Amino acid sequence: MSENRNADSHLSYLKGYIDGQSYPMSDQARGVPVPAYEKSVQEGQTIVRLPDPFLVKLTEPDVLRCLDNRVSSRVFKDSALTLDELSFLLWATQGIKKAADDERHQHHSVKRIVPSAGSRHPFETYVAAGNVEGLAYGIYRYLASVNSLVLENEPEDLAVKITEGAIGQRFCGAAPAFFLWSVIPYRTIWRYGLPFSIKAITLDCGHIGQNLHVACAALGLGTCMIGAYNQQYMDALFCLDGKEEFAFYMAPVGRID
Ligand SMILES: Cc1cc2nc3c(=O)[nH]c(=O)nc-3n(C[C@H](O)[C@H](O)[C@H](O)COP(=O)(O)O)c2cc1C
């Protein structure tokens with residue numbers, strides 16, 4: 001059998017449990033305080049309030065058609081997204097439905113629109129806005145807790161840099177909005193330790209991608225999930241430290257014919 005077909009040490013992470021052992025003593029079990037469910041905002045950062053996501057007008061409200069119409073789109077019109085649309089897509093992928101408000105459920109932190117193992121929600125959402133009405137060009141982070149965006153970076157030649165980070169996939173840079181989900185693995189590791197957290201994080205992320213697809217279908221927009229990218233380049237472009245938080249999954253969104 002070739003080395004790739006026999007890569008037991010890597011594939012065992014897919015099982016999440018190695019040699020019959022469940023996850024080891026976790027930081028949660030040791031009494032370490034729960035990590036924050038959302039990164040904080042630094043003093044002086046620009047905050048943009050998002051419109052209510054429920055005000056958006058759906059072009060396709062029939063969920064059966066949305067599911068049936070879902071397809072990866074890699075050609076986008078040179079046309080802006082609206083802030084209403086962006087707000088809806090952010091809510092549909094990582095919106096917060098309920099924050100824990102009592103001591104007993106502190107470890108759950110939040111309930112979001114997508115499921116997550118142990119309600120750990122280890123992701124932050126970034127949007128590179130190249131052409132969104134009412135939003136200045138730049139890279140923003142979604143503050144789901146207050147339905148807002150915080151400006152993180154204003155790099156020049158955003159489209160060129162997104163394309164470069166997506167290892168030459170031009171449709172990524174050409175899209176009016178480019179979503180990037182970073183992962184902060186410790187949010188999940190705090191509860192489950194390793195290796196199970198690797199499986200949990202990977203499974204969690206798929207829900208975000210599918211919700212984005214279905215939400216785009218409801219707005220008549222197109223998207224394509226992106227797993228091929230330059231890790232160091234994207235981490236630097238989105239101001240991620242590459243250790244505690246790093247780029248994980250991404251998707252361009254734009255208008256389609
Ligand atoms: C985890 C993952 C990573 C992907 N990465 C890329 C990518 O980097 N570039 C790309 O063009 N498509 C990417 N895709 C999209 C797939 O190629 C696409 O879903 C597949 O060809 C099936 O087509 P469909 O989505 O239209 O049904 C990715 C999809 C997934 C789920």
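This text goes through a predicted model, from the overall chain to its strands, its nonpolar core and the residues around its ligand.

The protein chain contains eight helices and nine strands. A compact globule with 257 residues would have a radius of gyration near 18 Å, and the protein chain has 19 Å, which agrees. The C-alpha trace spans about 55 × 55 × 40 Å along its principal axes. Of the 257 residues, 39% are buried. Among contacts with a separation of 6 or more, 73% are between residues 24 or more positions apart.

Strand β4, residues 123–129, is a convenient place to start. Seven of its seven residues are buried, so β4 is largely enclosed by the rest of the structure. Both of its faces are covered: F123, T125, V127 and A129 point one way, E124, Y126 and A128 point the other way, and all are buried.

β4 has strand partners in β7 and β5. With β7, residues 177–183, β4 runs antiparallel and is joined by seven bridges. In this pairing V127 lies opposite F179. With β5, residues 138–143, the arrangement is again antiparallel, and the number of bridges is four. Here A128 stands opposite I139, and V127 has Y140 as its bridge partner. V127 is thus matched with F179 in β7 and with Y140 in β5.

From β5 the pairing can be followed to β6. β5 is itself mostly covered, with five of its six residues buried. Five bridges connect β5 to β6, residues 148–153, and the two strands are antiparallel. L143 of β5 has S148 of β6 as its bridge partner. The hairpin formed by β5 and β6 has four residues between the strands, and N147 takes a positive phi near 45° in this hairpin.

In the other direction, the pairing goes from β7 to β9. These two strands are antiparallel and share seven bridges; W181 stands opposite Y249 in β9. β9 covers residues 246–255 and is mostly covered, eight of its 10 residues being buried. β9 also pairs with β8, in the antiparallel sense and over three bridges. In that pairing G222 is opposite G254 of β9.

The nonpolar core can now be set against these strands. In soluble globular proteins, nonpolar side chains tend to be buried together. The largest nonpolar core here has 65 residues, and A177, F179 and M250 are those with the most contacts inside it. Helix α7, residues 196–219, supplies the largest share of this core, 11 residues.

Two of these core residues show which parts of the chain come together. A177 touches L81, L86, V127, A129, V132 and V253, leaving out residues up to four places away in sequence. Of these, V127 and A129 are residues of β4 that point the same way from the strand. M250 belongs to strand β9. With 25 other C-beta atoms within 10 Å, M250 is buried, because 20 or more such atoms are required. Beyond its neighbours within four places in sequence, M250 is in contact with F178, F179, L180, W181, I226 and Y229. M250 and L180 are 70 residues apart along the chain, yet their C-alpha atoms are separated by 4.2 Å.

The ligand is the remaining topic. Its surroundings consist of V71, S72, R74, Q169, C224, M225, I226, G227 and A228. By class, this shell has five nonpolar, three polar and one charged residues. I226, one of the residues around the ligand, is also among the contacts of M250.

M225, another member of the shell, is located in the loop between β8 (221–223) and α8 (231–237). M225 counts as partly exposed, because it has 17 C-beta neighbours inside 10 Å. Apart from residues up to four places away in sequence, M225 touches G209, Y249 and A251. Y249 is the residue of β9 that stands opposite W181. M225 and F179 are 46 residues apart in sequence, and their C-alpha atoms are 9.5 Å apart in space. F179 in turn is one of the residues with the most contacts inside the largest nonpolar core, and V127 of β4 stands opposite F179.

Key
Residues are numbered from 1 along each chain as its sequence is written. This is a predicted model: local features need pLDDT of at least 70, side-chain atom pairs count only at pLDDT 80 or more; totals for chains, interfaces and linings use all residues. A residue is near a molecule or strand if its C-beta atom, placed from the backbone, lies within 6 Å of it. Ala, Val, Leu, Ile, Met, Phe, Trp, Tyr, Cys and Pro count as nonpolar, Asp, Glu, Lys and Arg as charged, and the others, Gly among them, as polar. A residue is buried if 20 or more other C-beta atoms lie within 10 Å of its own, exposed if 12 or fewer, and partly exposed in between; C-beta atoms are placed from the backbone. Two strands pair if DSSP finds at least two bridges between them. A nonpolar core is a set of buried Ala, Val, Leu, Ile, Met, Phe, Trp, Tyr and Cys residues joined through C-beta atoms within 7 Å. Two residues are in contact if their C-beta atoms, placed from the backbone, lie within 7 Å. The radius of gyration is taken over C-alpha atoms; the globule rule is 2.2 Å times the number of residues to the power 0.38.
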